[in-house]
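Colleague: I'd like to learn how to read the strands and loops in a model like this one. Could you walk me through a few features?

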Amino acid sequence: PQGALVIITSEDERVQAVRFDDGMFEKEWERGTNGVPSSPTVCGDSIYVGDSTGSLHAFDLSGGKKWEYQTGYDIRTSPIVAEGTVCTRNVGRNVHAVDAETGIRRWRIKTHSLSCPPAVSDGTVYLGTVHRGVYALDLLTGAQQWHYHPDDACVEALTAGNEAVYVVTDRDEAHMKSSPQGWCCDLPIDECSSVVLSDNVVYIG
């Protein structure tokens, strides 16, 4: 829309803010990162982005640097922000949760190989893994709440909402897990790249 601020990242290790005005994009600011950045996440008046050196950056909407946090390994996926917490994963199989305002670490855990980006809902972080199932962690502490292992399957995609997680596996199955209850159904598709929950309906594609 007219006047919208758009945040983009580029392989030359930069984060840019451009504004759409009179049918054209005009650059408002540009900031460097330590490596090739991930796709950004915008939440409120803050921008969060990881980079290929393992740094997680927070900027305000005017380009001011709020904080920087080092995870130790390449971050390739967009950070997730919920309830004042930023969650990110890196290629070292670590999941980090930091305070969204200060960048101070709340917790860090070593995981099995993650197969898809984490999901956060209702104070819980859900991690989908390669042949190790789904883990539900407390958002504030990182403590494990439960573990669900659907027949040694690989989790292809997941989403969360309504105090439940919705999972699609490489066995062409969809699962809903809300500890201790859930359901499972077969899917008429061979591959899945995304799961979306909207108005109590799960969309899989």
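Modeller: Let's start with a single pair of residues: Thr88 has His96 as its bridge partner in β10. Keep in mind as we go that this is a predicted model.

Colleague: Fair enough. How many bridges join strand β9 and strand β10, and in which sense do they pair?

Modeller: The general idea is that strands of a sheet pair through backbone hydrogen bonds, either parallel or antiparallel. Here, β9 covers residues 85-89 and β10 covers residues 94-99, and the two pair in the antiparallel sense over five bridges.

Colleague: Which sheet do β9 and β10 belong to?

Modeller: They sit in an open sheet of four strands, ordered β8-β9-β10-β11, with antiparallel pairing. The edges are taken by β8 (80-82) and β11 (105-110); each has a single partner strand, so one side of each is left without a neighbour in the sheet. From one strand to the next, the twist averages 15°.

Colleague: What is the strand order in the sheet that holds β13 and β14?

Modeller: That open sheet also has four strands, in the order β12-β13-β14-β15, and the pairing is antiparallel. Its edge strands, β12 (119-121) and β15 (144-148), each pair on one side only. The twist averages 20° from one strand to the next.

Colleague: And which residue stands opposite Val125 in β14?

Modeller: Leu137 does. The antiparallel strands β13 and β14 are joined by five bridges.

Colleague: Now for loops. Is Thr129 buried or exposed?

Modeller: To judge that, look at relative accessible area: under 20% is called buried. Thr129 is in the loop between β13 (124-128) and β14 (134-138). Its relative accessible area is 1%, so Thr129 counts as buried. A polar atom of the Thr129 side chain also lies 3.2 Å from the backbone nitrogen of Arg132.

Colleague: Why does Gly133 count as buried?

Modeller: Gly133 is in the loop between β13 and β14 too. It counts as buried because its relative accessibility is 0%. You can also check distances along the chain against distances in space: Gly133 and Leu114 are 19 residues apart along the chain, and their C-alpha atoms are separated by 9.7 Å.

Colleague: How far apart in space are Tyr166 and Val36, then?

Modeller: Those two are 31 Å apart, C-alpha to C-alpha, with their positions 130 residues apart in sequence. Tyr166 belongs to strand β17 (residues 164-169). With a relative accessible area of 11%, Tyr166 is buried.

Colleague: Let's try a strand with a neighbour on either side. What joins β6 to strand β5 and to strand β7?

Modeller: Five bridges join strand β5 (residues 46-50) to β6, and the two run antiparallel. Strand β6 (residues 55-60) and strand β7 (residues 65-70) are likewise antiparallel, joined by five bridges. His57 is a handy marker here: in β6, His57 stands opposite Val49, while its bridge partner in β7 is Glu68. For another pair, Phe59 has Lys65 as its bridge partner in β7.

Colleague: How many residues of β6 are buried?

Modeller: Five of the six, so to speak of β6 as mostly covered is fair. As background, in a regular strand the side chains alternate between the two faces of the sheet.

Colleague: What about the turns on either side? Which residue takes a positive phi in the hairpin of β5 and β6?

Modeller: Gly54, with phi near 95°; that hairpin has four residues between the strands. In the hairpin of β6 and β7, which also has four residues between its strands, Gly63 takes a positive phi near 95°.

Colleague: Last one, the surface. Which residues form the nonpolar patch with about 260 Å² of accessible area?

Modeller: Val196, Val201 and Tyr203 form that surface patch, and the area is their combined figure. Tyr203 is in strand β21 (residues 201-204). Its relative accessible area of 47% falls short of the exposed cut-off, over 50%, so Tyr203 is described as partly exposed.

Definitions and conventions
Residues are numbered from 1 along each chain as its sequence is written. This is a predicted model: local features need pLDDT of at least 70, side-chain atom pairs count only at pLDDT 80 or more; totals for chains, interfaces and linings use all residues. Side-chain values use heavy atoms; hydrogens and water are left out. Patches are made of residues with over 30% relative accessible area and no salt bridge: like charges are joined within 9 Å, nonpolar side chains (Val, Leu, Ile, Met, Phe, Trp, Tyr) within 5 Å. Accessible areas come from the Shrake-Rupley method with a 1.4 Å probe; for residues, only the protein chains shown count as cover. A salt bridge is a side-chain nitrogen of Lys or Arg within 4 Å of a carboxyl oxygen of Asp or Glu. Buried means under 20% relative accessible area, exposed over 50%, partly exposed in between (1.4 Å probe, protein chains only). Two strands pair if DSSP finds at least two bridges between them. Axes are lines fitted to C-alpha atoms, for helices over the stretch in contact, and angles run from 0 to 180 degrees between N-to-C directions. A polar contact is a pair of N or O atoms within 3.5 Å; within protein, one must be able to donate a hydrogen and the other to accept it, and residues adjacent in sequence count only if both atoms are side-chain atoms.
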